Structures are given as C-alpha cells and as structure tokens.
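Subject: Structure handover

Hello,

Please find the structure we discussed below. My notes follow it.

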Amino acid sequence: MVTGTKSLEVCLTPALLPLYNVENYIVVIIDIFRATSSICYGIENGAEAIIPVSEVEECAAYREKGMGYLLAAERNGEVVSGFDFGNSPFAYTPEKVAGKTVVLTTTNGTHALHLSRKAKRIVIGSFLNLTALSNWLKIQHESILLVCAGWKNNFNLEDTLFAGAVIEHLKEGKYKLDDPALAANDLYQLGKHDIGEYLQKTSHGERLKKLGIEKDIAFCLQVDLTTAIPVLEGEKLVKL
C-alpha cells in the first residue's frame, strides 16, 4: 500500500472516539444492522431529511411541533411503543417517506453520530451505498475516519467488516492506514466472498433473528442498492 499525508483510520467502537480528534476528519458513520442502512434507503427513496437524535424523549418532543414529522425510535432492536416505526429498512419505502422528514433515534447509530459532531463532515455508510460512498471519498482531500457504531459501545463484526470493504476501495490511494484499518480490511478479505454467511455468527445478527427479522439482515447486506450519500447539514441528514 502507498502511504501519504492523509489518514484512513477506523474507530472500532464509539467508546474509543475520545482518542481521536474528530475535527480533523471526514467521518463515516457505520451501523449496518440497521440504522445507517435504513438512513441510506430512506434518503434514496425521497425522504426530505432524517433528523438523528440521541434520546427517545428528544424524538417524542417533535410530536409537539406539529410539522408532520415521522417519528422513528428503536431500542434493543425493537420499535419503541408509541412511535411510527423503528429502524427497519422496510419502513423507509418511497410510499412512507417520500417528501417527509423522519426523526430517528437508535441504540447505536445515532449515538455514534452525536459523538462525532465536531467532524469536518459527517456522511452515512452502508453496503447499500458502498460504491457511491467510496467513489466520493476517493476525491476528498481530507483524512477519513470510519466510525463503527458497534453494539452498546462494544466492537461488532458487521460494522468493522463494512469498514474493511470501504478500505478495499480506497487502499490504493495515498493514505496512511492505522492498525484498526488494516485489521478491518483483513476481516473483509475473510468474509467478502459470502458476507451473509460470514456474518451469520454475529451477536447482533442473533439478536435480530430472535426478534424474527432475518429479512432485515439480508436486506442490509445488499451491495449498491442505492447511490444516495446522506450527509449531515446542521441537524439534518440530507442527500449530498
């Protein structure tokens, strides 16, 4: 690999984010099962914006604003009672979200995003927009930090494997890779021939299966279903 002045790094869990000066990076938020996959699908399908918030109470507060927001709240893999939907990608179809603003809170993805808010720019990554995202990153002149949302501040396989897939697209560029980036790419080499099969073993996948939503897992592992790159503008995720 060629090394250069730009860094291409991986933060393996939000718990490690204090070790990085996020203001020096373009940050890619990764929460494959399922927040960032659903965000990419929703923006692709015409959602005007998705507003990520940290807490269920913040999400609920948008009810009082009377602007026709769709409220989406997920905790521990399930829709929070009283909300329009959670973070299943099947809730983000054109019929449901086109022209709408969704307010979203999830267990992991929105948490990682809020911890990264000082970054030069925040974009959203998933297998659904892998090539479009990677091609955009290639033409940026900033260092890149791939932030894996993990599970409740722990490492997880699926987010790290996706980080490795992005690195696979970028590694011939003039980047300095850190050890987590090298490890993520090695992990991707192990799993790339059948990502679904490789990720059968994941603990989060097991949690989702117990909730009966295996179809969400399969959906989130589709590569290049979308081309939209969600970017954070102020408080809202919009189409780049």
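The notes below cover basis, overall form and nonpolar cores.

This is a predicted model, in which local features need pLDDT of at least 70, side-chain atom pairs count only at pLDDT 80 or more, and totals for chains, interfaces and linings use all residues. Residues are numbered from 1 along each chain as its sequence is written, and side-chain values use heavy atoms, leaving out hydrogens and water.

The protein has 10 helices and 11 strands (DSSP runs, H or I of at least four residues and E of at least two, numbered from the N terminus). Its radius of gyration is 17 Å, which agrees with the value near 18 Å for a compact globule of 240 residues (C-alpha atoms; the rule is 2.2 Å times the number of residues to the power 0.38). The C-alpha trace spans about 50 × 35 × 30 Å along its principal axes.

Of the 240 residues, 57% are buried (under 20% relative accessible area, 1.4 Å probe, protein chains only).

The largest nonpolar core (buried Ala, Val, Leu, Ile, Met, Phe, Trp, Tyr and Cys residues joined through side-chain atoms within 4.5 Å) has 41 residues, and Leu137 and Leu146 have the most contacts inside it. Helix H6, residues 157-170, gives the most to this core, with 8 residues. Setting aside residues up to four places away in sequence, Leu137 touches Ile26, Val28, Ile144, Val166, Leu170 and Tyr175 (contact means heavy atoms within 4.5 Å). A second, separate core of 34 residues includes Val27, Ile39, Val147 and Leu232.

Regards

Methods:
Buried means under 20% relative accessible area, exposed over 50%, partly exposed in between (1.4 Å probe, protein chains only).
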